[in-house]
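Hello,

Here is the structure I promised to pass on. Have a look at it first, and my notes follow below.

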Amino acid sequence: MPLHGARAAALLAWVNSTGVCTDPLDDLSQLQDCSVFIRIINKIHRSEEGESVLEQPLPERISFIRSFLQKHCKHKSAAENLVPAQKLLEGEELALAKVAVLLLYHTSMSCKSPGDWNEFDYKTQVELASILKFVLDNEESLNENLEMFLQRKAPLPSSSAPSSGSEEHSPLLSLPHKREVRFLELQRIASSSSSSSGANNMLPGPPSSPMGDIMQTPQFQLRRLKKQLAVERENRDELEVELAENRKLITEKEAQITMMQQRIDRLALLNEKQAADQLEPKEMEELREKNESLMVRLHEALRQCQDLKTEKGQMDRKINQLSEENGDLSFKLREIASHLVQLQEALNELSEEHNAALAQSQEKQGQLESELHGALQEKKCSEEKIEILQGKISLLEDQLAKLGDCSTQEKGEVMGDILKLEELKQEVSSLAAKGAELQATVLRLEEEKQLREAALQSERGRFEEEKQQLGSLVTNLQSSLSESHRARERLEQDLRAHEAKAE
């Protein structure tokens, strides 16, 4: 089955946007040599560890890419079964598309901010957002579902929370009283989370784009927080390993110093013995030079040992600081996750209330329009009857005027017409009164329709305002995570400086 055209085009557009291609790609088959994937990986990590791999044959390049995916996938065996090496060697477009999907997901989790996606057109953003949403919802079953998703014409049904697109376009109207209560709850939750993360509330709302919306969902933000916390823990483990190696080196240095001190002590004893035996001055000078040389080496070893102890103390303090920061981050993550769950539940309740209110409002709107249509039809019929009756009245009045000079007998014959004329006039008056009532009914229905539309517009405005409040909360959570990320970068810089000094 061929690949879904729109999704393949969106993946190519994302690959081109990374800036690692000399010329823009227009087909997935151009990724067959895997060099573009390696350059994207280098760009994600801001390193050049894969540059040497670019000079190696294709099997080694594929092995490097699969190792990267295995390390950063949620399950280590996912890449082994999801992207077989043989399929990549054969240049199968489906396998190349899978690699692009996984790198897109990892990049968006690692370094992409919502504003970075504005370079894509709306249609491409919709496809990229659907790919990210699919991976989020199917992390446990990518092996079974990703191929079908990349090949079918429509996205697979979601197995978890609603996507950001559906949240964006679904009406969320609710009754005014319940709306105020729910909004107060949302404000309480948002203010609580903002105070715990230390960020201010004057940040801008979420971007109005499909990729921006999917990245602002609680599901995506919680997954990103968990991923970055795992990276922090991995960095802490690496620092602990480095500290253990330094402690081992210090122990070895101290052992060397002890051995040298023992040698010096033995030489000092030998020196004293030789002095007592009155050795030749030349031999004494040689022993003295050896002793001085050993003393110099001893002092140098002592200095190195002291430097290592100082660095060990610094590393201990850094490890303690990192442990405290990781503890704070873990606490914040649990608190943020709890807030996000509360926000999601509140948003779901608002959605249900809004849907019910919208259905009720639409039903009432339909009734008003039906009544208004009926009243207008009845008014039109009454006006037509009045015109017909007025025409008959005019005709009878003309006939009576012509018969005014006729004989009494003839006048008696036309009395019936006169009575008929009076009845027509009464009927015209009755129809006119009914027309006035219908006119009042029409005005009342139109006024009620306008008031209903104004209320609906007000409800939509309230919902948009609350949606911006939720976006501001997510931005605050991102700011809290960025603070932890900057602390980790400072520790990494200190560690690199320590390694350079040790070399």
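**Helix H3 and its surroundings**

Please keep in mind that this is a predicted model. Let me start with H3, which has 15 residues and reaches 22 Å from its first C-alpha to its last, close to the 21 Å expected at 1.5 Å a residue. Buried residues in H3 include the arginines Arg61 and Arg66, along with Ile62, Phe64, Ile65, Phe68 and Leu69.

H3 (58–72) also helps to cover its neighbour H2: the buried residues of H2 are covered by elements including H1 (5–17), H3 and H6 (93–110). H2 spans residues 35–45 and is mostly covered, with eight of its eleven residues buried. Those are Ser35, Val36, Phe37, Ile38, Ile40, Ile41, Asn42 and Ile44. Just after H2 comes Arg46, where phi is positive at about 50°.

On the other side of H2, the loop between H1 and H2 holds Gln32. Gln32 is partly exposed, with a relative accessible area of 34%. Leaving aside residues up to four places away in sequence, Gln32 touches Leu58, Leu88, Leu89, Glu90, Gly91 and Leu96. Gln32 and Glu93 are 61 residues apart in sequence, yet their C-alpha atoms are 8.3 Å apart in space.

Further along the chain, an unreviewed UniProt entry lists residues 222–256 and 284–441 as "coiled-coil region". In the model, residues 222–256 are 100% helix and 0% strand, and the C-alpha atoms at the two ends are 51 Å apart.

Best wishes

Methods
Residues are numbered from 1 along each chain as its sequence is written. This is a predicted model: local features need pLDDT of at least 70, side-chain atom pairs count only at pLDDT 80 or more; totals for chains, interfaces and linings use all residues. Side-chain values use heavy atoms; hydrogens and water are left out. Buried means under 20% relative accessible area, exposed over 50%, partly exposed in between (1.4 Å probe, protein chains only). Helices (H or I, at least four residues) and strands (E, at least two) are DSSP runs, numbered from the N terminus. Contact means heavy atoms within 4.5 Å. The expected span of a helix is 1.5 Å times one less than its number of residues. UniProt positions are given in the numbering used here, feature names are shortened, and annotations may be inferred rather than shown by experiment.
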